[in-house]
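Visitor: I would like to learn how to read a few features of a protein model, step by step. Could we begin with the way helices pack, and then go on to metal sites and single residues?

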Amino acid sequence: MQPFYLKIAIDTPLNRLFDYLPLAQTNRDKYAPGQRVLTSFGRSQKTGVIVSISDSSELKPSQLKPIQTLLDDEPLVSSQDIKLLSWAAEYYHQAIGGVFAQALPKQLRGGALPKEQFETRYSLTSLGQHLDDARLQRAPRQASIQKLLLEQTQPVSSAVFASLDWPWQATLKTMVSNGWVELSQANVDDERIVVEADFEPNQAQQDAIDTVAGSLEGFTAYLLDGVTGSGKTEVYLQLIQRVLALGKQVMVMLPEINLTPQLADRFRRRLAARMVVYHSGLTDSQRSQAWLKCRSGTANILLGTRSSVFTPMQHLGMIILDEEHDGSFKQQEGFRYSARDVAIMRARELDIPILLGSATPSLECLYNVQQKRFSHLVLPERTGHSIKPSIHLIDCRNKKTEHQLSKPLLKAVDDCLKRDEQVILFVNRRGFAPVLMCHCCGWVAQCEHCDSRLVTHQRQSQLKCHHCGAEHAKPRICPRCQQAELFALGSGTERIEDALTELYPNTPISRIDRDTTKGKDAMQLVIDKVHQGGAQLLVGTQMLAKGHHFPNVTLVGIIDVDAGLFSIDFRASERMAQLIVQVAGRAGRESKPGKVLIQTHQPEHPLLQTLIKKDYAAFSQDALQERQQAQLPPYYYQALLRVNATDERAVLDFLQQLKPHLNAIAMPQVSVLGPVPSPMLKRAGRYRYQLLFESAERKSRHYFLRQLLPRIDQIKAARKIRWSIDIDPIDLY
Ligand code: ADP
Ligand code: ZN
Ligand code: ZN
């Protein structure tokens, strides 16, 4: 028998596949790429995925061990997905084993059987619906169960019995065996009652739908560029219906599902689909179940966040990525990838359309449109009766403000509340105040682990570091001079909330930031409250900017934009413009006109001027030109090497030893900037430095890193530091 070797992806820091022998006395046809195996690795046991089967190995047979167990008879990972994951490992210069591990839910990574589970659902049989009263009177427990089930319009899970405070299981069992209650198996989250839209798509929507629907067979990347409230979701829904009608699946990716429960509901109401959601809030078992149901085709719609981009899909027919510009599509630690870019690659490999939607497209996407690589679909107007909100600046120079609230802003808030309408006030910082200072000696509360100040959180009477998570009780007296003269400087959401409570004691106020939306349903509760209508105040961070549809909000105030205008990050202005336009987009979404007020000390700033006099499109055209002149992305391709250690010396030694390697592989197509300390040198107790690589060609950047990265492991000082490579970094911190 011809010998053969299994090339296996195993989750280790080493960027290579590992060769193993098959089990003794087994044939080659027992093995296929995509199966999981158990292997002994060093002194431990690890699961891995067979990536390929080869006739040769660089190692001698005596150096090779057989695998321990073959876990799957059939491949768990399809050959298409193996191709995608291998591409991602290569493009992002990541260890391939880690990339495969990331693509599998934890339970499957651990070797669990890939078995779909179906939940049992209960409903009354017709016999059970018409039990006679006399009989039920003698059996009050059966009567309670019957009553509960009579209230349901469709089969329900056993969760419905949770309200019963006696052991209902036995009673239910009797009712089942009497033929009164029947069991069925729930598929996925499938709602059968579908509500049609009560409007026709407008011309722009129809054009977009027709264009995409006309080319469902084949790869095209579309940028659906539609102002907030222009009905992008409606375009998605109609296209999804068409793809489902072809018997194919659709993957819909969103920045954060927990923050936009409304959207998932809208999908459920409108689509007769077998939908699953996939996000970090699920339990391990829910995750692997969702994954398996997409893989088998049991589910035909996947609604997921970043990490769902690798979910296997039996017959994927289209990918939709909403809020394409959102930074949360980029994974910022470990395997640093852009789910948007991976999704585009996936669509290209599968030869299917991908739809990227945004009211504030990223400069990357707009550049691709310019280059004719993406097709541009525009929805220029808001739907129905709603019109674009008007945007005004409030010049705060030399004006008195109360807790950062200026007179004109407060006047507008008054007017709005008097009309029984709602107000959103946007503050870009959570907590009470960003600085705690001593009036006597000037002491400032600093994080001991980071180069940053501690933020006062008044509600919990704590000081917190927003960078490393450190928490301390808020001191009563100054730790340096012992005087009780500490004061909080600046305002965050808590402080603005307090100020508003004082000013408007009779108006309901909701605060929305990471501190108030921790609980699973916290966001939903706020949304429900807002939808009850009436005058209300909403204070919050950028969470408020994300996709919410609050019909009665007619005023949006942006308390402080100035900090964002002076960042050292070249992407800051793009982010600021997106944020302003997105927050502004929450105003006047139905028949009532909306107004946006921006407080600033920089009323002449070109970014603000362009946004209020023109629009986001004008801003982005200017910004693209600037990027081109400055040789920055999307015209240039970057990669960032981050190096850190608890001992600063170790980092500096490493960088010193890296130098000759950089010289050895230097090439004119790639410029090397740095090393320099990161903008925040010390964070979470580690000293951080970075090197930026830049090239006009992706290929050169790739080639350069292929030379560089293997050399790092040979550097002696590398053992004392941690390093990571970030391809197409979106922030340089
Ligand atoms: P976007 O996703 O672009 O912000 P949405 O799809 O959420 O916009 O649409 C905003 C509102 O307009 C929703 O309430 C939606 O039901 C409604 N809508 C969408 N299309 C139309 C239309 N053609 N006519 C009237 N209302 C529409
Ligand atoms: Zn002091
Ligand atoms: Zn810290």
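Guide: A crossing of two helices is called right-handed if the near helix is turned clockwise from the far one by less than a right angle, and left-handed if the turn is anticlockwise. Please keep in mind throughout that this is a predicted model.

Visitor: Which hand does the crossing of H1 and H2 have?

Guide: Where H1 passes H2, the crossing is right-handed.

Visitor: What else describes such a pair?

Guide: Two packed helices are described by the angle between their axes and by the distance between those axes. In this model the axes of H1 and helix H2 (residues 96-103) cross at roughly 130° and come within 9 Å, and the two helices are therefore oblique to each other. On the H1 side the contact involves Ile 82, Leu 85, Ser 86, Ala 88 and Ala 89, which meet Ile 96, Val 99, Phe 100 and Ala 103 in H2.

Visitor: At what angle do H1 and H12 pack, and how far apart are their axes?

Guide: Helix H1 (residues 79-91) packs against helix H12 (residues 339-350) at an angle of about 140°, and their axes are 11 Å apart. Angles over 145 degrees would count as roughly antiparallel, so H1 and H12 are oblique to each other. H1 passes H12 in a right-handed crossing, and the contact is made by Gln 80, Asp 81, Lys 83, Leu 84 and Trp 87 of H1 together with Asp 341, Val 342, Met 345, Arg 346, Glu 349 and Leu 350 of H12.

Visitor: Let us turn to the metals. Which residues are the protein donors of the zinc ion (ligand 3)?

Guide: The zinc ion (ligand 3) has as its protein donors the SG atoms of Cys 447, Cys 450, Cys 465 and Cys 468, lying 2.3 Å from it. The angles among its 4 donor atoms are 105 to 114°, and the site is tetrahedral. Along the chain the donors follow the spacing C-x2-C-x14-C-x2-C. Cys 450 lies in the loop between strand E20 (435-438) and strand E21 (455-457), and Cys 468 in the loop between strand E22 (462-464) and strand E23 (471-473), so this pair ties together parts that are 18 residues apart in sequence. Cys 450 counts as buried at 4% relative accessibility, whereas Cys 468, at 27%, counts as partly exposed.

Visitor: How are the donor residues of the zinc ion (ligand 2) spaced in sequence?

Guide: Their spacing is C-x2-C-x36-C-x2-C, and the protein donors of this zinc ion (ligand 2) are Cys 438, Cys 441, Cys 478 and Cys 481, each through SG, lying 2.3 to 2.4 Å from it. This site is tetrahedral, with angles of 105 to 114° among its 4 donor atoms. Cys 441 lies in the loop between E20 and E21 and Cys 478 in the loop between E23 and strand E24 (486-489), so the pair ties together parts that are 37 residues apart in sequence. Cys 441 is partly exposed at 29% relative accessibility, while Cys 478 is buried at 0%.

Visitor: Finally, a single residue: is Thr 233 buried or exposed?

Guide: A residue counts as buried under 20% relative accessible area, and Thr 233, at 13% relative accessibility, is therefore buried. Thr 233 has its place in helix H9 (residues 232-245), and, not counting residues up to four places away in sequence, Thr 233 touches Leu 263, Arg 266 and Phe 267.

Note on methods. Residues numbered from 1 in each chain as written. Chains lettered and ligands numbered in written order. Predicted model: local features only at pLDDT ≥ 70, side-chain atom pairs only at ≥ 80, totals over all residues. Heavy atoms only, no water. Donors = N, O, S within 2.8 Å, 3.2 Å for Na, K, Ca; no water. Tetrahedral: all angles 85-135°; square planar, octahedral: opposite > 155°, others 65-115°. Helix = DSSP H or I, 4+ residues; strand = E, 2+ residues; numbered from the N terminus. Buried < 20%, exposed > 50% of the residue type's maximum accessible area, 1.4 Å probe, protein only. Axes fitted to C-alpha atoms, helices over the stretch in contact; angles between N-to-C directions. Parallel < 35°, antiparallel > 145°, perpendicular 65-115°, else oblique. Contact = heavy atoms within 4.5 Å.
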